[in-house]
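Subject: Structure for you to look at

Hello,

Here is the structure I promised you. Please open it and keep it on screen while you read my notes.

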Amino acid sequence: MFFINIFNSILEILIVILPILLTVAFITIAERKTMASMQRRLGPNIVGFYGLLQPFADALKLLIKEYIAPTQANIVLFFLGPFITLIFALYGYAMIPFGPGIAINDFNLGLLYMLAVSSLATYGILLAGWSANSKYAFLGSLRSTAQLISYELILSSALLLIVLAAGTLNLSIIIEIQKIIWFIIPLFPLFLIFFIASVAETNRAPFDLAEAESELVSGFMTEHAAGIFVFFFLAEYASIILMCILISIVLLGGYDIFFLISLFKDLCYFILIILFSVISIFSKLIELILSLFIFIIYSINFNTINLSGINTIISYIALIEQLINNFNQSIIYNDFNYLINFSSPIIFNSFIFSLLYIFTLGIKSCILIFTFIWVRASYPRIRFDQLMSYCWTILLPIVISIIILIPCIIYNKDIIIFIISLL
C-alpha cells in the first residue's frame with residue numbers, strides 16, 4: 001500500500017508537471033511568432049510545420065553544447081541556484097485547482113503557500129548571481145532580489161483584498177464564490193495593479209532590469225550556459241504561466257464558466273426585451289398610421305374604396321400585439337434557462353465537465369499570457385530607479401488606499417445608498 005501511494009503521488013505530479021513543461025516550450029514559440037507579427041516579420045518558420053518544433057531544436061542545441069563554468073565560481077552554489085529557481089517555480093502548481101477536486105493538494109492556506117513559494121525562488125537567483133564571481137551577474141541578482149521583494153509587497157497587498165472579499169485562503173473556495181460575480185468586475189483597478197506587479201515579479205519587459213542586455217549583458221544568467229541555462233529559461237516561463245493562472249483564479253473565476261453563461265442568458269433576455277419593445281412600438285406606429293389613413297378614406301368616400309387589405313393588415317397587427325402582451329417573463333426566461341443550462345447531468349457527464357473546466361482555465365490563462373507578450377512588444381525598458389520609485393511611491397499608496405476604501409464602502413453601503421437616494 002505504501003508503494004502504491006508513492007506511485008500515485010508521482011503519477012499525479014507527472015500529469016501536472018509534464019504538460020506545464022510542454023506548455024513552456026510552446027509559449028516560447030508563441031511569443032516569438034506573436035512579436036514577429038507585431039513587428040511585421042515572419043519569426044521561426046523552418047523547423048517543423050509553421051515553426052512548431054523550434055523550441056525543441058533550441059532545447060537540443062542548448063543541451064548538446066559544451067558547458068563551461070567560471071574558474072573562480074563557487075561551483076556548488078553556481079549549479080544549485082538554477083535548480084532552486086526552477087523547483088520553486090514548479091512547486092506553486094501543487095495548489096492549482098484545475099477543476100472541482102482536480103488538484104494535487106487542495107490546501108486551506110493555498111494562497112499563502114503560493115506567495116511563500118514565489119518568494120523563495122528569489123534565493124536561487126541571488127545564489128546564482130553571487131556564486132558566479134562576476135560583476136554583471138552579481139548586479140543582476142541584486143537588482144532582481146530588490147525588484148522581486150518590492151513587487152511581492154504589491155502582490156500580497158492586492159491579494160489581501162481578495163482574501164477579505166472571499167473570507168478564505170483556499171483557492172477552490174475563492175473560485176466557487178466567484179460563481180456569483182467575478183472579482184474583476186468590482187475590483188478592476190486592483191486587477192490592473194496586480195497585473196503590473198505580476199509582470200515585474202516575473203522579470204518581464206518592460207521590467208526586466210535584472211537581465212538588461214544593454215547594461216548587464218544578461219544579468220544574473222551571464223555566466224550560465226548550455227544545459228544549466230535551460231533551468232533559468234524554464235523557470236521564467238513557468239513563473240509567467242503560474243502568475244497568469246493565479247490571476248485567472250483570484251480575479252477571473254478560475255475554472256468557472258457558469259458566470260459567463262448566466263451573463264449570456266441575461267444579455268440574451270435583455271436583447272429579447274428590447275426586440276419585443278421595438279416591435280411593439282412599430283406595431284403601435286403602424287396601427288396609428290393605418291387608423292389615420294382609414295379616417296381620411298372615410299372622410300373622402302367610404303363606398304368607393306375596398307378596405308379588405310387594410311383590415312387584413314390590422315388583424316396581423318392585432319395578432320402581433322397579442323403575442324407581445326402574452327410575453328411572460330417567467331415562462332420564456334425559464335425555458336431559455338433550460339435550453340442553455342450546462343449544469344444538467346443529462347447534457348454533460350463528469351468527464352466532459354472536467355475537460356470543460358480545464359479548458360476554461362486554459363483559455364483565461366492564454367489570454368493573460370498573450371497580454372504579457374503584448375506588453376513586452378509595446379513598452380520600452382525603464383530605468384531601475386524608475387522601477388523602484390514606481391513601486392514605492394505610486395503602486396503601494398494606491399493599493400493601500402483601495403484596501404481601505406473597499407471595506408469602508410461595503411461596511412457603510414446602507415449609508416451610501418441613503419445619501420445617493422437623497423441626491
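Lys179 and Glu176 form a salt bridge, with 3.1 Å between the closest N and O atoms. Lys179 has a relative accessible area of 33%, so Lys179 counts as partly exposed. Glu176 is partly exposed too, with a relative accessible area of 33%. Bear in mind that this is a predicted model.

How many salt bridges does a search of the whole structure find? The search gives 6. One of them joins the side chains of Glu31 and Arg204, at 2.3 Å from N to O. Glu31 sits in helix H1, and Arg204 sits in the loop between H7 and helix H8 (213-216). The pair therefore ties together parts that are 173 residues apart in sequence.

Are these two residues buried or exposed? Glu31 has 3% relative accessibility, so Glu31 counts as buried. Arg204 has a relative accessible area of 4% and is buried. The cut-off for buried is under 20%.

Arg204 also forms a salt bridge with Glu236. Here the closest N and O atoms are 3.6 Å apart. Glu236 lies in helix H9 and Arg204 in the loop between H7 and H8, so this pair ties together parts that are 32 residues apart in sequence. Both Glu236 and Arg204 are buried. Now put the pieces together. Glu31, Arg204, Glu236 and Arg376 are linked in a network of salt bridges.

Next, the pockets.

The largest pocket has a volume of about 880 Å³. It is lined by 33 residues. Closest to its centre are Thr28, Glu31, Phe229, Phe233 and Tyr237. You have met Glu31 already, in the salt bridge with Arg204. H1, helix H2 (54-63) and H9 are the elements that give two or more residues to the lining of this pocket. H1 provides the largest share, 8 residues. By class, the lining of the largest pocket has 18 nonpolar, 3 polar and 12 charged residues.

The second largest pocket has a volume of about 570 Å³. Its lining has 22 residues, and the closest to the centre are Val16, Pro19, Ile20, Phe98 and Ile358. H1, H9 and helix H13 (350-378) each give two or more residues to this lining. What classes do the lining residues of the second largest pocket divide into? There are 18 nonpolar, 3 polar and 1 charged.

Now the cavities.

The structure holds 2 cavities of 30 Å³ or more. The largest cavity has a volume of about 270 Å³. Of the 20 residues lining it, Ala121, Glu201, Thr202, Ala235 and Ser239 are the closest to its centre. Helix H3 (75-91), helix H4 (110-131) and helix H9 (226-251) each supply at least two lining residues to the largest cavity. Which helix gives the most? H9 does, with 6 residues. The lining of the largest cavity divides into 12 nonpolar, 5 polar and 3 charged residues.

The second largest cavity has a volume of about 80 Å³. Glu201 turns up again in the lining here. The other residues of this lining are Met114, Leu115, Ser118, Glu152, Leu155, Leu159, Phe194, Leu242, Met243 and Leu246. H4, helix H5 (135-166), helix H7 (188-201) and H9 each supply at least two residues of this lining. The classes are 8 nonpolar, 1 polar and 2 charged.

Last, the surface.

Which residues make the nonpolar surface patch of about 750 Å²? They are Leu22, Phe26, Phe49, Tyr50, Leu52, Leu53 and Phe56. Take Phe26 as a case to find on screen. Phe26 is placed in helix H1 (residues 2-38). Its relative accessibility is 36%, so Phe26 counts as partly exposed.

One thread to follow as you rotate the model is H9. H9 gives the most residues to the lining of the largest cavity. H9 also supplies at least two residues to the lining of the second largest cavity. H9 gives two or more residues to the lining of the largest pocket, and likewise to the lining of the second largest pocket. Glu236, one of the residues in the network of salt bridges, lies in H9 as well.

Best wishes

Methods. Residues numbered from 1 in each chain as written. Predicted model: local features only at pLDDT ≥ 70, side-chain atom pairs only at ≥ 80, totals over all residues. Heavy atoms only, no water. 1 Å grid on protein atoms, 1.4 Å probe; cavity = no way out; pocket = protein on both sides within 12 Å on 5 of 7 lines; lining within 4 Å. Points joined across faces, edges and corners; volume = space filled by probe spheres on them. Helix = DSSP H or I, 4+ residues; strand = E, 2+ residues; numbered from the N terminus. Nonpolar A, V, L, I, M, F, W, Y, C, P; charged D, E, K, R; others polar. Patch = residues over 30% accessible without salt bridge, like charges linked within 9 Å, V, L, I, M, F, W, Y side chains within 5 Å. Areas by Shrake-Rupley, 256 points an atom, 1.4 Å probe, with all protein chains shown as cover. Salt bridge = Lys/Arg side-chain N within 4 Å of Asp/Glu carboxyl O. Buried < 20%, exposed > 50% of the residue type's maximum accessible area, 1.4 Å probe, protein only.
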